[in-house]
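Here is a short report on one protein chain. Keep the sequence and the 3D view open while you read.

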Amino acid sequence: MSTAKQLILESLSGIPDDIQDEFEVMENLYKLLRYRKSKQSIASNGGQSTEDVRAMFQQKHEERKMLV
């Protein structure tokens, strides 16, 4: 079995059983896979603190204000 298929099957087992709609299943699967990818990225590349992210968005906000 391919690694991708194995990851999907493992992720499917983590989705609640009470979901009836296939779009909800797909959405939950997508979120789980994105979450795993994000965790892997942070582990390998590091992450930013909440303060750093706030400062980045504040700076972008200030730059946009100056353009108006």
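## Helix H3 and the rest of the chain

Glu51 belongs to helix H3. Glu51 is exposed, because its relative accessible area is 54% and the cut-off for exposed is over 50%. Its C-alpha atom is separated by 34 Å from that of Ile8. Along the chain, Glu51 and Ile8 are 43 residues apart.

Thr50 lies in helix H3 too. Thr50 counts as partly exposed, since its relative accessible area is 46%. In sequence, 39 residues separate Thr50 from Ser11. In space, their C-alpha atoms are 28 Å apart.

Helix H3 covers residues 50-67. What sits over the ring of Phe57? The charged end of Lys60 does, 5.8 Å from the ring centre. Aromatic pairs come to a count of 0.

**Confidence**

This is a predicted model. The mean pLDDT of the protein chain is 85. A score of at least 70 is reached by 100% of the residues. Which element has the highest mean pLDDT, and which the lowest? Helix H3 has the highest, at 91, and H1 the lowest, at 79.

**Helix H1 and its patch**

Ile8 is placed in helix H1, which runs over residues 3-13. Ile8 is partly exposed, because its relative accessibility is 34%. Partly exposed residues fall between the buried limit, under 20%, and the exposed limit, over 50%. Ile8 also contributes to a nonpolar surface patch. Its partners there are Met1, Leu9 and Leu12. The patch has an area of about 380 Å².

**Helix H2**

Helix H2 spans residues 22-45, and Lys39 is placed in it. Lys39 is partly exposed, given a relative accessibility of 49%. Leu12, a member of the nonpolar patch, is 27 residues from Lys39 in sequence. The C-alpha atoms of Lys39 and Leu12 are 18 Å apart.

How many salt bridges are there? The count is 1 salt bridge. The side chains of Lys31 and Glu27 form a salt bridge, with 3.4 Å from N to O. Both residues lie in helix H2. They are 4 residues apart, about one turn of the helix. Glu27 is partly exposed, because its relative accessible area is 43%.

**C-alpha distances**

The table gathers the pairs named above.

| Pair | Apart in sequence | C-alpha to C-alpha |
|---|---|---|
| Glu51 and Ile8 | 43 residues | 34 Å |
| Thr50 and Ser11 | 39 residues | 28 Å |
| Lys39 and Leu12 | 27 residues | 18 Å |

**Contacts to look up**

Two contacts are worth finding in the view. One is the salt bridge of Lys31 and Glu27 in helix H2. The other is Lys60, with its charged end over the ring of Phe57.

Notes: Residues are numbered from 1 along each chain as its sequence is written. This is a predicted model: local features need pLDDT of at least 70, side-chain atom pairs count only at pLDDT 80 or more; totals for chains, interfaces and linings use all residues. Side-chain values use heavy atoms; hydrogens and water are left out. Patches are made of residues with over 30% relative accessible area and no salt bridge: like charges are joined within 9 Å, nonpolar side chains (Val, Leu, Ile, Met, Phe, Trp, Tyr) within 5 Å. Accessible areas come from the Shrake-Rupley method with a 1.4 Å probe; for residues, only the protein chains shown count as cover. A salt bridge is a side-chain nitrogen of Lys or Arg within 4 Å of a carboxyl oxygen of Asp or Glu. Helices (H or I, at least four residues) and strands (E, at least two) are DSSP runs, numbered from the N terminus. Buried means under 20% relative accessible area, exposed over 50%, partly exposed in between (1.4 Å probe, protein chains only). pLDDT is the predictor's confidence in each residue, from 0 to 100. Rings of Phe, Tyr and Trp (its six-membered ring) pair if their centres lie within 6.5 Å; planes under 30 degrees apart count as stacked, over 60 as edge-to-face and the rest as tilted. A charge sits over a ring if NZ of Lys or CZ of Arg is within 6 Å of the ring centre and within 35 degrees of the ring normal.
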